[in-house]
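Let's take a quick tour of a protein chain, starting with one piece of it and then stepping back. Have the viewer open while you read.

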Amino acid sequence: MDATRDWAFEPLTLGPLRLRNRFIKSATNEGMAPGGVPTQALVAHHRSMAAGGAAMTTVAYCAVEPDGRTFEDQITLDDDTVKHLRVLTDAVHAEGGAVSAQLTHGGCFTFLPKLRTRYPLSASGGLNPPGVIAGRMFKTAMSVADMSRIADDFVNAAQRARAAGFDAVELHMGHGYLLSQFLSPAYNRRKDFWGGDAEKRVRFPAQVLRQVLDAVGDEMAVLCKISVVEGHRRGASLQDVMTTVKALERTGAHMVVLSGGMNVEAPWQIFGSNMPAEAVTQIQNPVVRIASRMMRLWEPKVRFRELYLRSYSHRIRQQVSVPLAYLGGAKSMDGIAQLREDGFDAVVMGRALLHDPNLVDAFGRGEKQESGCTACNACVVTMYSPGGTHCVLTGAGDPEANRQPAAATQ
């Protein structure tokens, strides 16, 4: 175990960034940006992750343009949010940690009441199953001009992230958002240069990566997050995912974060277990509550097990050299020992750090061997609560801090 602890706490270099250890806090939608404004609660949340020992914490869902949000109360990484996010990055840096901005566009997965386009954009047009509950029955296939504009939006967002003091950006290419809609055969039915087999479907996400690397890759780490398994019958195969990772490696990604699942089609693949029925009833967003209740009618029953995505991710590890971060139920030093043996470069944790932000330091001191997180998933729906995302076993969010803009802390 000492060898595992030595490995876990040795520095890790990602492009121009050097991390103090191999633990990364994953992006878990915080619910701490009402009206799109980062709050004091968001600052405190990420400061606590750095103070507890995580090498890097990830600010979830920073939309690259207003239509790229899935909900109104999400950050758009524009000029107005830079001052608030600078407070956040300064706070993380003061605790010795690094901080990453997750750059995202939801594509046709959106619950916004108004869009600038008639229908939400996606890889292909037609019926939009993820949008049925929200009244977004149809989607529009992106034109080449749309793709060029949104690629530029990713670049502009990355440059603003750098101006706000972020050390890294994570391009979200998983979970059913826009870039993964290009990767997935369930969404991408194009017959042109941007669709077809996996080599063609990865072209637009790889182009976005290339442009972001060209713009900021010498100054900050550029990571990509993908789903190693989508969880539905028409989704990408593991061989398709291999093709994607190899393309991202050739393009120059500093690290690929291996996650799983889709928000609508297979959320249980994201979490490795089902959402508890009692938690679903507490979702305050009525559209999401209805959708979650309906989903329970057909979802398989899945029991949590540690490292639930390892069987997929390990096979990818065996075929590529690019740094890989494992995400999917790591919660103990025994699990981390397995990931070290498998050859992963970093461990990404979500619920375990929501449960105890000091877990990394506790691992390092030998005070704990395993997280107390039960993977109950009740934390997932707290993003809709007044105080934002929190562990229901260890405390509640702070509604007052979640009403105060981050820049007010200056």
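How far apart should the ends of helix 3 (residues 79-94) be at 1.5 Å a residue? Keep in mind that this is a predicted model. The 16 residues of helix 3 should span 22 Å, and its end C-alpha atoms sit 23 Å apart, which agrees.

**Helix 3 up close**

- Helix 3 has a kink of about 30°, and leucine 85 is at its centre.
- Leu85 is also one of the buried residues of helix 3, along with Thr81, Val82, His84, Val87, Leu88, Thr89, Ala91 and Val92.
- Here's a handy rule: an α-helix has 3.6 residues a turn, so residues three or four places apart point the same way.
- So what covers those buried residues? The cover includes two helices, helix 2 (40-51) and helix 4 (144-163).
- Strand 4 (56-63), strand 5 (75-76) and strand 6 (98-104) are also part of that cover.
- Just after helix 3 comes glycine 96, with a positive phi of about 85°.

**The whole chain**

- Zooming out, the protein chain contains 16 helices and 14 strands.
- Its C-alpha trace spans about 55 × 50 × 45 Å along the principal axes.
- For 410 residues, a compact globule would have a radius of gyration near 22 Å; this chain has 19 Å, which agrees.

**Inside and outside**

- Of the chain's 410 residues, 60% count as buried.
- Take the contacts with a separation of 6 or more: 72% of them come from residues 24 or more positions apart.
- The accessible surface adds up to about 15,600 Å², and 49% of that belongs to carbon and sulfur atoms.

Key: Residues are numbered from 1 along each chain as its sequence is written. This is a predicted model: local features need pLDDT of at least 70, side-chain atom pairs count only at pLDDT 80 or more; totals for chains, interfaces and linings use all residues. Side-chain values use heavy atoms; hydrogens and water are left out. Helices (H or I, at least four residues) and strands (E, at least two) are DSSP runs, numbered from the N terminus. The expected span of a helix is 1.5 Å times one less than its number of residues. The bend at a residue is the angle between axes fitted to the seven residues ending there and the seven starting there. Buried means under 20% relative accessible area, exposed over 50%, partly exposed in between (1.4 Å probe, protein chains only). Contact means heavy atoms within 4.5 Å. The radius of gyration is taken over C-alpha atoms; the globule rule is 2.2 Å times the number of residues to the power 0.38. Accessible areas come from the Shrake-Rupley method with a 1.4 Å probe; for residues, only the protein chains shown count as cover.
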